[in-house]
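Trainee: Please choose a single part of this structure and take me through it closely, residue by residue where that helps. After that, I would like to see how the other parts of the chain look when they are read in the same careful way.

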Amino acid sequence: MRSALYAVMLVSTWVGLGCAAHRSDLEIPDREAIYDRPLDEMWPEVREFFTRNKLPFREDRGSRVLETEWRQEFGGSKVSGFFHRYMVVGRRETPTTSKLQIFRITKSQNKTLANSGNQVDWSPTRAWGMGPRSEMSGKSEDDYMVEPTQPQSAPLTSSEDWEEVIAAPRGENSFFAESAQGQRDLVMEWRVFREVAPKLAKEVNAPKPVQVAKAPNAKEAPSQVAIECGLPIIGLGKQAKPGAMLLLGELHGTQEVPRFVAQTSCQSAVAGLPVTVGLELPLENQGRVDAFLDSQGEEGDWLKLMEAPFWRSPYPDGRGSEAMANMLEQLRQLRSQGLDVDVVVFDHPKANGQQREDAMAATLIHQVESAPKRFYVVLSGNIHSRTKKGLPWNKDHRPMGLLLKQQLDDVVALDMAYDSGTAWICSVDSQGKRDRLDCGVRETKGKNNGERYFVHTWDSVNSEGYHGVFYVGSVNASAPAVHRGLGRPGADDNTNHPAPDEGWKLAEFGR
């Protein structure tokens, strides 16, 4: 009888989730997944899930805790700099039920994630006070799997505690990260549940896991957990759907906004939704971008992308930043692994004023009409993305966002929200000459709303035509890509790096 009731419960759950699979998989659940099986019965299937999905792990045997190996964000991109692993803790609810708690541990190779005054110690003595190793560690492979056991006098309850036990670096395996964060990942918990629960119930007709958005030319599609997309963005699931356009009005020149766009694209495509990213790059760059996305990302491919005049503009306002170039590499990585991710550029720099807004809107409208089933993530300066008429200096101005809103069915405009930090900004020079711009790293003032990326919409549109905000945490400046060399950003081979202060020189106003 209990098995029959459990099957009914699973069917009810799947029916509710199946109506909009891609949306439910993006939205962060508001409850835990409870397994109608004892922990000892559930745990072997959990271990099999991670083995089957090629997520190598180490396990503290006897404690029902495992930890996966580090994976780099965006499928192994060489320019990401962020790494993730899962801490999986099995817990007993009742004698007949159990649950999983999955924590995502994120680390970076810089101090971006570090709280003030918090230095992470990665020395071999970090996990002090651990008990003796298990007697099972007689073989070399067991030495890899079996970790020190925790003292009985100090029960471990948090992801940080378990990381002390399992993840204590040893010798050459030590991880050289500068900062870290740990967050509960309910999306991953439910992904595991949807695959493991039917096996426990021995349901032969259980719904299949959500399929990723497979690129048209890909030979096969990866599994949902094969690609690391970063911590789920809060609120994204309500906006990501076929035919929808998400307008992101940004402050140019930060590291965080391009990462937000790449994560949005990755998470949406993994949830089964084809994605097109719109970038405010000159229209004549479309061919180079297409060729780069389909390339192997080698040095010659980078040179072909970066030799366009746009990347050497005398007005380096942040659209040609290293972070933007890196984002193209991250999207290329997603495409190369079989995800349906595309890029369209839409700027018409030779046009001015209203003509430019009209031309940019027309380009994007044509894209949507040509492929109405895709999800569009469009990044532009926060003047273009407004959906209300008028600017302080021109009351008749009709921004691109307004034109798109009038022509398309589903357009949501979000203004950028961020914590204080820095950005690469071009502004009128200190003497007030409007024909010259002073470009460089500037301090920015924002509001601290935590560390998590999120999307939030209001009940009504504000005076600038925004429906809400997208939040990226504290911001860090990203200099023009060419300041890092003429090839792949960050490359030290076959490149010439300018002196540190060259980025601050005045640039002629050449728009």
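Mentor: In strand β10, D342 is the bridge partner of T276, and this pair is a good place to enter the sheet, provided you keep in mind that what you have in front of you is a predicted model. The pairing of β9 with β10 is parallel and runs over six bridges. On β11, V377 is the bridge partner of V277, and β9 and β11 also run parallel, joined by five bridges. Strand β9, residues 275-282, has eight of its eight residues buried, so β9 is largely enclosed by the rest of the structure.

Stepping back from β9, you can place these strands in an open sheet of seven, whose order is β10-β9-β11-β8-β12-β16-β15 and whose pairing is mixed. The edges are held by β10 (341-347) and β15 (454-457), and because each has a single partner strand, one side of each is left without a neighbour in the sheet. From one strand to the next, the twist averages 25 degrees. At the β15 edge, the partner is β16, residues 468-474, which runs antiparallel to β15 and is joined to it by four bridges; within this pairing, V455 stands opposite F470 of β16. Helix α13, residues 400-407, packs on the sheet, where it touches β8 (245-250), β10, β11 (375-381) and β12 (411-419), and its direction makes about 170 degrees with that of β8.

The loop that leads towards β8 from α7 (186-201) contains P232, and this proline is buried, with a relative accessible area of 10%. Leaving aside residues up to four places away in sequence, P232 touches I28, R104, D185, V187, Q267 and R452. Its C-alpha atom lies 7.5 Å from that of L26, although P232 and L26 are 206 residues apart in sequence. For the chain as a whole, residues 24 or more positions apart account for 74% of the contacts that have a separation of 6 or more.

Away from the sheet, a pair of helices deserves the same attention. Two packed helices are described by the angle between their axes and the distance between the axes. For α9 (residues 286-293) and α11 (residues 322-336), the angle is about 50 degrees and the axes are 9 Å apart, and the two helices are therefore oblique to each other. The residues of this contact divide into five nonpolar, no polar and three charged: V289, F292 and L293 in α9 meet L328, E329, L331, R332 and R335 in α11. Q333 also lies in α11, and it is buried, with a relative accessible area of 12%. The C-alpha atoms of Q333 and L293 are separated by 8.1 Å, with their positions 40 residues apart along the chain.

A hairpin elsewhere in the chain gives you another pairing to read. Strand β2, residues 57-60, points F57 and E59 one way and R58 and D60 the other way, and all of these residues are buried. Its pairing with β3, residues 65-68, is antiparallel and extends over four bridges, with E59 standing opposite L66 of β3. The hairpin has four residues between its strands, and G62 takes a positive phi near 95 degrees there. R64, in the loop between β2 and β3, has a positive phi of about 60 degrees although it is not a glycine, and it is partly exposed, with a relative accessible area of 23%.

Most residues other than glycine have a negative phi, which is the reason for picking out such cases. K54 is another of them, a residue other than glycine whose phi is near 60 degrees and positive. K54 sits in the loop between α3 (39-52) and β2, and it is exposed, with a relative accessible area of 72%.

As a frame for these details, the secondary structure of the protein chain comes to 13 helices and 17 strands. Of its 511 residues, 53% are buried, and the accessible surface comes to about 23,700 Å², of which 50% belongs to carbon and sulfur atoms.

Key:
Residues are numbered from 1 along each chain as its sequence is written. This is a predicted model: local features need pLDDT of at least 70, side-chain atom pairs count only at pLDDT 80 or more; totals for chains, interfaces and linings use all residues. Side-chain values use heavy atoms; hydrogens and water are left out. Buried means under 20% relative accessible area, exposed over 50%, partly exposed in between (1.4 Å probe, protein chains only). Contact means heavy atoms within 4.5 Å. Accessible areas come from the Shrake-Rupley method with a 1.4 Å probe; for residues, only the protein chains shown count as cover. Two strands pair if DSSP finds at least two bridges between them. Axes are lines fitted to C-alpha atoms, for helices over the stretch in contact, and angles run from 0 to 180 degrees between N-to-C directions. Angles under 35 degrees count as roughly parallel, over 145 as roughly antiparallel, 65 to 115 as roughly perpendicular and the rest as oblique. Ala, Val, Leu, Ile, Met, Phe, Trp, Tyr, Cys and Pro count as nonpolar, Asp, Glu, Lys and Arg as charged, and the others, Gly among them, as polar.
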